[in-house]
Amino acid sequence: MIVANRKPFEEIVELIRPYKKIVLLGCNECVTVCATGGAKEVEVLASELRMYREKEGQPIEIKEHVPERNCDPEYVEPLGAIIADAEAALSMACGCGIQFVGEHYIDKPVLPAVNTTFDGVTLEHGVWSERCLGCGNCILDKTLGICPVTRCAKSLFNGPCGGSHDGKCEVNAETPCAWQLIVDRYKERNMLDKYLEIQPLKNWSTAHHGGPRTRVREDLKL
Amino acid sequence: MSASNLERVLRSGAFAVTSECGPPRGADGEVIKKKAGLLKGYVDAINITDNQTSVVRMSSAASCFILKGLGFDPVLQMVCRDRNRIALQSDILGAAAVGISNILCLSGDHQCFGDHAGAKNVFDIDSIQLVAAVKQLRDEGKFLGGEELKAARPDMFIGCAENPFGDPFEIRAMRLAKKAAAGAQFVQTQCIFNVPKFEKWMEMVRDIGVHEKMYILAGITPFKSIGMARYMQKSVPGMDVPEDQIERLKGVPKEKVAEEGIKIAIETIQRLRQVKGVAGVHIMAIEWEEKVPEIVEGAKLLPRP
């Protein structure tokens, strides 16, 4: 899932300061799962903003709306009327959703209420962790299911740096060292010798470094 | 064989001594000349650090060039944090063109440790791949992209670093084996304070025969104060400072602590010299270069060959 964090309240207040009537969009997909921009969070933010503006003596009208997805024309096209009725949209969807809605309604500002952070998983209730950078050339078979591109702070391919300590990353004592995890798994599977293989240079052109990516399936096009 | 003095000394079988200088945070070349001047005649080569701890300093290559002009044998430290494969190869060619004959290939400290924590890191390739890159340019005359290098090849003595105290400990010797296989000819280790652990690591290194494939220079750092020892113990990633070393510093009067630190460094060198497979020492006297001669002399490593 795509994980996002709500922006600080003060920053959101500044974003919508010029407007008296806005629509606050959420999304029923990833940002709902990571408890950032689902129906519940949209309701809370809308109330907070209304109260704040009321207190400031500058009341604001906020319509709440949570489409199924913000990254699909099927769900973005029906938003026309609700966006037309507002001066601006404030969105708690991920960066993809915010942009996609903006692409459809170019005459209205679509403002970000969240900072989109990573593609990750739910470790436990209330804890999410990054797993994939979408580099376009997966090597999880070689590293036994642990991605060094994403989970090593230096994206090292040939083992841990000198700062790996007690299983933790030098950058953050809370973060597991990806290479400690990989080595542990090699050991569990009795294949530590695999570590001796030198991994060749990565071709980063399949990642974002090759420019923004588009995927086309001719057979699916209408 | 390259024009490296360090390579000449190591090949001769002599116990090598290297040291290092951190370039200044400014454009004054005199600083590096002065620091290196303190080491003249006491070391075989001088490493120049590459924006160590992610703090911006005068470039390693420019500093090496200055030292080369003064007759030193500089070791160009090069980290993968700040340059992609295009810039790395370009800098290797440039360094070779101005007569720099040694390179030390490193991953580099993460930028969060320095004063530009908001910087974007590169890590296009890692330190092992950088070792292989220098070897490919030098021996195969081929760029990483596959094109042939038609002009002069960079004639470099290739080095790497290893931290025997990093985790997971069981792969630290294998990691050095990978570096040797990639083309590293010498290694300079992380500062050694925990000698028994280093000896254990060396045993693992010898078990897989790596000491016969590359020259191993043991890292030495003298303690300047109890505060510095404590800082290295608690705050420097990958450092192993046993409590008994700090206790020893605490056991002498305050004005004698620095002297005791030098004494510990000399004793450590003498002990490491007995370890089979150790071909030399790399003395990292951090912002204390003036003490290197005393350490080298105290360890009876003079005159230099």
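**Notebook: a look through chains A and B**

I started with Ile266(B), which counts as buried because 20 C-beta neighbours lie inside 10 Å of it. The cut-off for buried is 20 or more, so Ile266(B) meets the criterion. A reminder to myself: this is a predicted model.

**Entry: around Ile266(B)**

I looked up where Ile266(B) sits, and its place is in helix 10 of chain B, residues 257-273. Leaving out residues up to four places away in sequence, I found that Ile266(B) touches Ile295(B), Gly298(B) and Ala299(B). I also checked a pair spaced 55 residues apart along the chain: the C-alpha atoms of Ile266(B) and His211(B) are separated by 23 Å.

**Entry: the nonpolar cores**

Next I went to the largest nonpolar core, which has 108 residues. Which of its residues touch the most other members? My list reads Ile46(B), Leu76(B), Ile103(B), Cys105(B), Val131(B) and Val134(B). Helix 5 of chain B, residues 127-140, gives the most to this core, with seven residues.

I then picked Ile103(B) for a closer look. Setting aside residues up to four places away in sequence, Ile103(B) touches Leu76(B), Met78(B), Ile92(B), Ala95(B), Val134(B), Met156(B), Ile158(B) and Gly159(B). Apart from this core I noted another one, of 35 residues, with Ile16(A), Cys27(A), Ala89(A) and Ile98(A) among them.

**Entry: strands of chain A**

Over in chain A, I followed strand 6, residues 114-124, which pairs with strand 1, residues 2-6, in the antiparallel sense over five bridges. As a marker for this pairing I wrote down Ala4(A), which stands opposite Thr116(A) in strand 6 of chain A.

Strand 6 of chain A also runs antiparallel to strand 7, residues 127-132, and five bridges join them. Here my marker is Val121(A), whose bridge partner in strand 7 of chain A is Ser129(A). How many residues lie between strand 6 and strand 7 of chain A in their hairpin? I found two, and Gly126(A) in the turn has a positive phi of about 85 degrees.

**Entry: where the chains meet**

Last, I turned to the contacts between the chains: 26 residues of chain B are in contact with 24 residues of chain A. On the side of chain B that touches chain A, helix 5 and helix 6 (172-182) each supply at least two residues. Helix 6 of chain B has the largest share of that side, with six residues. I sorted the residues of this side of chain B by type and got 13 nonpolar, seven polar and six charged.

Key
Residues are numbered from 1 along each chain as its sequence is written. Chains are lettered from A and ligands numbered from 1 in the order in which they are written. This is a predicted model: local features need pLDDT of at least 70, side-chain atom pairs count only at pLDDT 80 or more; totals for chains, interfaces and linings use all residues. Two strands pair if DSSP finds at least two bridges between them. Helices (H or I, at least four residues) and strands (E, at least two) are DSSP runs, numbered from the N terminus. A nonpolar core is a set of buried Ala, Val, Leu, Ile, Met, Phe, Trp, Tyr and Cys residues joined through C-beta atoms within 7 Å. A residue is buried if 20 or more other C-beta atoms lie within 10 Å of its own, exposed if 12 or fewer, and partly exposed in between; C-beta atoms are placed from the backbone. Two residues are in contact if their C-beta atoms, placed from the backbone, lie within 7 Å. Ala, Val, Leu, Ile, Met, Phe, Trp, Tyr, Cys and Pro count as nonpolar, Asp, Glu, Lys and Arg as charged, and the others, Gly among them, as polar.
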